[in-house]
Amino acid sequence: MEGMAAVGIERLDRDVAGHLRRLGEVFVEIDGHDSGNTSWGVRIGDERWFVKYAPHAEGGMWLRSAKRFHSAVEHPAIVPLQSLVPVEDGGLAAVYEWVDGEILNDPLAPGGVHREERDSAYRRFRALPLDAILSALDKIFDAHLSVAAAGFVSVDFYDGCVIYDFANGGVSLVDLDMYWPGPYMLDTGRQYGSTRFMAPEEFRRGATIDERTTVFTLGRTAFVFLSEDLRGDPKRELWTADDALYEVAHRAIAPNPNDRWPTVEAFVTSWREAVAARAGG
């Protein structure tokens, strides 16, 4: 058995929070997200778990999608799904191992504040030395090499998917439930996601969503973390790294997918070459 099933949890009561408190110590509760999901950190014996509860059909659908994604994609930075646990009310709970660090953009997390606040995890991360930010970006990009190799494209990735451990520079990626096998045709007028990270085709019904869409998202990730503007304005004068890195990131966010790096691998290879040239090696 995996996940919480390993400690005897194969089904949860309707009162999910109460059930978890009877099993162990609930040390975190996160509620109020647009998804309608509620999440808890729970300690059972010597182990800590992150439990995400979806009370409605759509949320449950995405948690089942997460199972498909995590069955196909493994990477040290991607926190794996341990198990899906049914709830007596017809809902579903996803169980992950707990990871240390701070979510870079989640004001609903305990101690979290809006990303524009000076003491937010987002602002403190952006204030780190450039080498530390580049190292974190490399881990994010490397994880998406595994995503692309498995045939998936990024959906709804944003800075709220990134947990950063300020003590040791560790990066963990969470909440990748909506990542989807690609390419596919968008059958709605708008993809799920944060507009700061989304490609133009994600706002156009009938558009092709493929690896080049992931390239755009990764380019936007670079700008969100390396532009002086808090939303990641891509103007050159706001860029805090060197010209070579700017050119790699700027090509990644070309409005026309044909003008971007054709693959995640091509983007990451070019980015790493620019980082190495900057470091003199």
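Which residue in strand 9 does Asp165 stand opposite? In this predicted model, Asp165 stands opposite Gly170 in strand 9, and this pair belongs to one of several strand pairings described below, together with an open sheet of five strands and a contact between helix 4 and helix 5.

**Strand 8 and its partners**

- Strand 8, which covers residues 162-165, has Val162 and Tyr164 pointing one way and Ile163 and Asp165 pointing the other way, and all of these residues are buried.
- In a regular strand, side chains alternate between the two faces of the sheet.
- Strand 8 pairs with strand 9 (residues 170-173) in the antiparallel sense, over four bridges.
- The hairpin formed by strand 8 and strand 9 has four residues between the strands, and within this hairpin Gly169 takes a positive phi near 80 degrees.
- Strand 8 is also joined to strand 6 (residues 102-103), by two bridges and again in an antiparallel arrangement, with Glu102 standing opposite Tyr164 of strand 8.

**The five-stranded open sheet**

- Five strands form an open sheet in the order 1-2-3-5-4, and the pairing is antiparallel.
- The edges of this sheet are strand 1 (25-30) and strand 4 (81-86), each of which pairs on one side only.
- On average, and with direction ignored, neighbouring strands of this sheet are turned by 25 degrees against each other.
- Strand 1 pairs with strand 2 (residues 38-44) over five bridges in the antiparallel sense, and Val42 in strand 2 is the bridge partner of Val26.
- Helix 1 (residues 16-23) lies across strand 1, strand 2 and strand 3 (47-54), and runs at about 10 degrees to strand 2.

**Helix 4 against helix 5**

- Two packed helices are described by the angle between their axes and the distance between the axes.
- For helix 4 (residues 130-149) and helix 5 (residues 211-226), the axes come within 11 Å and cross at roughly 165 degrees; with angles over 145 degrees counting as roughly antiparallel, helix 4 and helix 5 are therefore roughly antiparallel to each other.
- The crossing of helix 4 and helix 5 is right-handed.
- On the side of helix 4, the contact is made by Leu130, Ile133, Leu134, Leu137, Ile140, Phe141, His144 and Ala148, while helix 5 contributes Glu211, Thr214, Leu218, Thr221, Ala222, Phe225 and Leu226.
- The residues of this contact of helix 4 with helix 5 divide into 11 nonpolar, three polar and one charged.

Methods: Residues numbered from 1 in each chain as written. Predicted model: local features only at pLDDT ≥ 70, side-chain atom pairs only at ≥ 80, totals over all residues. Heavy atoms only, no water. Buried < 20%, exposed > 50% of the residue type's maximum accessible area, 1.4 Å probe, protein only. Pairing = 2+ DSSP bridges. Axes fitted to C-alpha atoms, helices over the stretch in contact; angles between N-to-C directions. Contact = heavy atoms within 4.5 Å. Parallel < 35°, antiparallel > 145°, perpendicular 65-115°, else oblique. Left-handed = near helix turned anticlockwise from the far one by under 90°. Nonpolar A, V, L, I, M, F, W, Y, C, P; charged D, E, K, R; others polar.
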